[in-house]
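Please read the points below with the structure open beside you, and look up each residue as it is named. They are meant as a colleague's reading notes for someone new to this kind of work.

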Amino acid sequence: MLTPSNTSLDIDLLILPETNLILIASVIEPLRGANRIAGAELYRWRLLTLDGSPVETTSHIPIPASGGFRPASETTPLFVLASYNWQRSATQAVKMQLSQTARHRSMIAGIESGSWLLAEASLLDNVSAAVHWEDTEDFALAYPQVRAVKDRFVIDGKRITTAGSMPTIDLMLEIIRRRQGYSLALEVSRLFIYEPAAGYGAAELSPSTAGLRLRDPRVAQAVRLMEDNIEQPLVLTRLARRVGVSARHLQALFQEEFAAPPHVHYLALRLNAARRKVIETKASFAEIAAATGFNSASAFARSYRASFSESPSGTRRRLRGRIMAPH
């Protein structure tokens with residue numbers, strides 16, 4: 001599930017009663033965005049409920065189901081989504097069903113309070129798990145066999161846990177990054193504007209930082225400089241000098257924010273800009289290469305193929321006439 005691949009990934013979502021709508025969207029919308037941007041069905045999902053009937057969310061909006069949850073030899077990843085009153089669903093029968101299906105599933109994820117249900121079913125024993133920060137101590141006391149950590153999400157072997165709705169978006173972006181690469185994950189993040197850095201108003205949000213929580217203003221400034229200098233990329237030393245730090249310090253800041261060095265983020269910005277031009281314009285590939293900072297059309301084509309697993313001409317043929325709107 002988490003290795004590089006452009007084949008379709010099927011995911012089952014088990015939605016418990018009183019789950020937040022935003023939690024469901026936090027799982028599905030990044031996947032929908034990845035499909036839309038890639039112009040391919042990279043992800044498919046199926047919504048399940050305990051009995052196959054529509055489940056009512058905390059907003060009193062019912063979510064229809066594709067079917068009921070039954071333990072079987074399904075191997076697709078299973079995401080268990082829960083928000084409030086998860087205990088009502090933690091019957092002996094449900095816990096047994098989860099234990100049975102875990103024998104076959106390639107991955108099981110506890111999304112928000114879904115982590116509690118997985119722990120209750122002994123599916124998080126001896127692994128690290130993320131829970132909402134307010135519940136960490138209570139969770140650790142209730143399940144001492146689980147390593148409760150204060151992270152936004154945790155991927156530990158065949159178990160995934162998240163600490164809430166926004167961390168779930170982070171998780172889905174990480175899944176996209178691992179499967180399709182940094183460039184697509186960065187482009188998907190542009191679809192979401194959430195938790196902007198303190199002190200930044202709407203006018204200061206740039207396209208590449210809109211979906212990212214940049215804690216350090218120097219990183220935000222560096223990203224804006226990258227965006228403003230796509231055609232003639234700045235070398236790292238000059239970029240760092242403009243931000244007011246050393247090149248080594250800027251590398252460390254990017255590693256902390258993005259788990260990627262500046263040159264990887266910069267290249268992703270340029271390639272995403274190039275891909276939009278490939279899809280939305282009739283410009284020649286030589287013109288696109290020059291406009292996005294590549295020395296030649298051949299260098300651009302090599303980098304493009306390495307990132308998107310197809311040539312610029314392949315993208316243009318496949319998605320001709322399709323416009324990538326901002327939302």
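**Notes on the model**

1. With a relative accessibility of 23%, Asp156 counts as partly exposed. Asp156 forms a salt bridge with Arg147, and the closest N and O atoms of the pair are 3.5 Å apart. Arg147 also counts as partly exposed, because its relative accessibility is 43%. Please keep in mind throughout that this is a predicted model. As general background, side chains of opposite charge can pair when their charged atoms come close.

2. Asp156 falls within strand E10, which spans residues 153-156 and stands at an edge of the sheet. The sheet is open and has seven strands in the order E5-E2-E1-E6-E7-E11-E10, with mixed pairing. Strand E5 (67-68) stands at an edge as well, and since E5 and E10 each have a single partner strand, one side of each is left without a neighbour in the sheet.

3. How many bridges join E10 to strand E11? There are four, and the two strands run antiparallel, with E11 covering residues 159-162. Within this pairing, Val154 has Thr161 in E11 as its bridge partner, while Ile155 is matched with Ile160 of E11. The hairpin that E10 and E11 form has two residues between the strands, and in this hairpin Gly157 takes a positive phi near 65°. In general, strands of a sheet pair through backbone hydrogen bonds, either parallel or antiparallel.

4. Helix H5, made up of residues 165-180, lies across several strands, namely E1 (9-15), E2 (43-49), E6 (78-82), E7 (108-112), E10 and E11, and it runs at about 40° to E10. Inside this helix, the side chains of Glu174 and Arg178 meet in a salt bridge, at 2.8 Å from N to O. Glu174 and Arg178 are four residues apart in H5, which means that about one helical turn separates them. The two partners fall into separate accessibility classes: Glu174 counts as buried because its relative accessibility is 16%, whereas Arg178, at 31%, counts as partly exposed.

5. A further salt bridge links the side chains of Glu187 and Arg190, at 3.5 Å from N to O. Here Glu187 has a relative accessibility of 4% and so counts as buried, while Arg190 counts as partly exposed at 26%. Elsewhere, salt bridges that share partners join Asp12, Arg46, Glu74 and Arg105 into one network. The count of salt bridges comes to 16.

6. Which residues touch the most other members of the largest nonpolar core? They are Leu13, Tyr43, Phe79, Leu81, Ile111 and Val188, in a core of 35 residues. At least two residues of this core are supplied by each of E1, helix H1 (21-38), E2, E6, E7, H5 and helix H6 (182-189). The largest share, eight residues, comes from H1.

7. Leu81 is a useful residue to select on screen. Leaving aside residues up to four places away in sequence, Leu81 touches Leu13, Leu14, Ile15, Leu16, Thr19, Leu23, Ile24, Val27 and Ile111. A second, separate core has 26 residues, among them Leu78, Ala102, Ala119 and Ala121.

Conventions. Residues are numbered from 1 along each chain as its sequence is written. This is a predicted model: local features need pLDDT of at least 70, side-chain atom pairs count only at pLDDT 80 or more; totals for chains, interfaces and linings use all residues. Side-chain values use heavy atoms; hydrogens and water are left out. Two strands pair if DSSP finds at least two bridges between them. Contact means heavy atoms within 4.5 Å. Axes are lines fitted to C-alpha atoms, for helices over the stretch in contact, and angles run from 0 to 180 degrees between N-to-C directions. A salt bridge is a side-chain nitrogen of Lys or Arg within 4 Å of a carboxyl oxygen of Asp or Glu. Buried means under 20% relative accessible area, exposed over 50%, partly exposed in between (1.4 Å probe, protein chains only). A nonpolar core is a set of buried Ala, Val, Leu, Ile, Met, Phe, Trp, Tyr and Cys residues joined through side-chain atoms within 4.5 Å.
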